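Colleague: I would like to learn how to read a few features of this model, from burial to strand pairing. Could we go through them one at a time, with the general idea before the case?

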Amino acid sequence: MDIGSNSVRLVVYEGLSRALTPIFNEKALCGLGREVLSTGRLPQDAVDRAYAALKRFRALCDAMEVGEVHALATAAARDAENGPAFIAECEAICGTRIELLTGKREAELAAAGVVAGIYAPDGIVGDLGGGSLELVDVKGRSVGAGVTLPLGGLALQDRSARSPRKAEKIVRDTIPEAEVLANLAGRTFYAVGGTWRALARLHMFTKGYPLHVMHGYVIPAREALDFTRIVHRADAEALAHIDVVSDARRPLLAYGALVLENIVRQGKPSEVVISALGVREGLLNSLMPEEERARDPLLIAAAEMNVLRSRSPHHGEDLVAWTDGFFASAPVLEEAEDEKRLRRAACLLADVSWRAHPDYRGEQSLNMIAHAALACIDHPGRAYIALSVYFRHMGLNTDESDTRILELLTTGMLDRARILGAVMRVAYVLSAAMPGILPRMPLTVQGDQLVLSVPRKLVSLVNDRVYNRLRQLAKLIGREPLLAQGD
């Protein structure tokens, strides 16, 4: 349960895992921080809405038999003079202790959430809430010290008396105080928080972007500057595609745009990346043992989907090892570490749509994988995995001109997706998705030949269909196909 300055939210996760999977998510926009800076108190109507939301959330937790409840509160409850009484009543309603986060703690948890959800992050995390903005440096799994600024959307609205000109002056005067932004030049700014997600969603639909997944959405810095200027200059209702933003979020869009514009202008990042993971996920991540935090959430999530939806989960694991051997044998197909983990995830997800009608397995796989609840993967990575499995089902000569997700891939990534799809096509026709077969029939590149080694006991599995797919793969990598019979 997250008691924020603008929203009060309940997220129920399947379990405490490195690959956190939400099974229920609901928010109530209560506006607790609406008047805290001007009156020093939480508004009573907002308090009443928060109590009502928490009573429902507690009842939902009971109905869902939630085993462990964690609750936290942020800037509004921290800064208001009636905050302690409010927290005490919230604890009575929730039946659990509520952690009232300091600004520093909030920044650190937001950064931990980004570390948990972004592969090898390198930049500054900014968590924009209703009451405050937290900024903290991250690199890999290292999190720096955090700073807090009173630039949350509701706080800005309050301090400026809803005057855009006054708000702009406040932001421009305050942002230079954040010395951490001096380390942002040329790196990535990771944007966390509902207002920035709403802003990015508006940008996504304005651009006609082909993949409607918020986590990992990238806005180049120059584009972010142009777009944020448009948003805080114009009336929200006049903006194109404003209907994709909820009515309750629209009044704060201009303030969020104003803050983001000044961060980009001051810090000069190369890009802005949206993170759907923040304080909540950072808190849960901090509760895990170190060995669990070190695991790759992409491969964990792919393995879970493999168990839930594939004909034989063990075959998916065989396919990972089989392709490990194939790619290791071909210097021309040398993989970077990130390419390797994407390929392994694709192998685990290769059979998740087997129950669909054969004519639609490719399409269903593409949609399911591209939109899956995956972390530590960017949008080109999603497209690569989804298209690899699409080619595995639909063939390599399929006209995918209407598959707009192609726009996210470089020519090199598209070529790798075709090659991996071709490898999978050999694997599945050879093994019928059954475990124990691929390990006995290695596929390797040997000089100018692509060799499928077949033991005598399994030679009956090889027919013209298998050979044709082997030949198709060989053409893609510039080799001659060879079936080698062994003992």
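Colleague: Is His 315 buried or exposed?

Modeller: Buried means under 20% relative accessible area, exposed over 50% and partly exposed in between, computed with a 1.4 Å probe on protein chains only. His 315 has 1% relative accessibility and therefore counts as buried. This is a predicted model, in which local features need pLDDT of at least 70 and side-chain atom pairs count only at pLDDT 80 or more, while totals for chains, interfaces and linings use all residues. Residues are numbered from 1 along each chain as its sequence is written, and side-chain values use heavy atoms, with hydrogens and water left out.

Colleague: In which helix is His 315 found, and which residues is His 315 in contact with?

Modeller: Helices (H or I, at least four residues) and strands (E, at least two) are DSSP runs numbered from the N terminus, and His 315 is found in helix α14, residues 313-328. Contact means heavy atoms within 4.5 Å; leaving aside neighbours within four places in sequence, His 315 is in contact with Ala 427, Tyr 428, Ser 431, Ala 433, Met 434, Pro 435 and Leu 438. A polar contact is a pair of N or O atoms within 3.5 Å, where within protein one must be able to donate a hydrogen and the other to accept it, and residues adjacent in sequence count only if both atoms are side-chain atoms. One such contact, of 2.7 Å, joins the side chains of His 315 and Ser 431.

Colleague: Ala 433 is among those contacts; what is its phi?

Modeller: Most residues other than glycine have a negative phi. Ala 433, although not a glycine, has a positive phi of about 65°; Ala 433 is found in the loop between α18 (411-431) and β12 (443-446), and at 1% relative accessibility Ala 433 counts as buried. Glu 65 also has a positive phi, of about 55°, and is not a glycine, but Glu 65 is exposed, with a relative accessible area of 70%. The place of Glu 65 is in the loop between α2 and β4, just after α2.

Colleague: How does one read a helix such as α2, and what do its buried residues pack against?

Modeller: An α-helix has 3.6 residues a turn, so residues three or four places apart point the same way. Helix α2 (residues 44-63) has 20 residues and reaches 29 Å from its first C-alpha to its last, close to the expected 28 Å, the expected span being 1.5 Å times one less than the number of residues. The buried residues of α2 include Val 47, Ala 50, Tyr 51, Leu 54, Phe 57, Arg 58 and Cys 61, and the buried residues of this helix pack against β1 (2-3), β2 (7-13), β3 (22-29) and α4 (83-94).

Colleague: How many aromatic pairs are found in the whole structure?

Modeller: Rings of Phe, Tyr and Trp (its six-membered ring) pair if their centres lie within 6.5 Å, and planes under 30 degrees apart count as stacked, over 60 as edge-to-face and the rest as tilted. A search of the whole structure finds five aromatic pairs. The rings of Tyr 51 and Phe 86 have their centres 5.6 Å apart and their planes at 20°, so this pair is stacked. Tyr 51 lies in helix α2 and Phe 86 in helix α4, so the pair ties together parts that are 35 residues apart in sequence. Tyr 51 is buried, with a relative accessible area of 17%, and Phe 86 is buried at 2%. The rings of Phe 189 and Trp 196 have their centres 5.6 Å apart but their planes at 80°, so that pair is edge-to-face; Phe 189 and Trp 196 are both buried.

Colleague: In what order do the five strands of the open sheet lie?

Modeller: Two strands pair if DSSP finds at least two bridges between them. The five strands form an open sheet in the order β3-β2-β1-β4-β5, with mixed pairing. β3 and β5 (98-100) stand at the edges, each with a single partner strand, so one side of each is left without a neighbour in the sheet. Two bridges join β1 to β2, which run antiparallel, and the bridge partner of Asp 2 in β2 is Arg 9.
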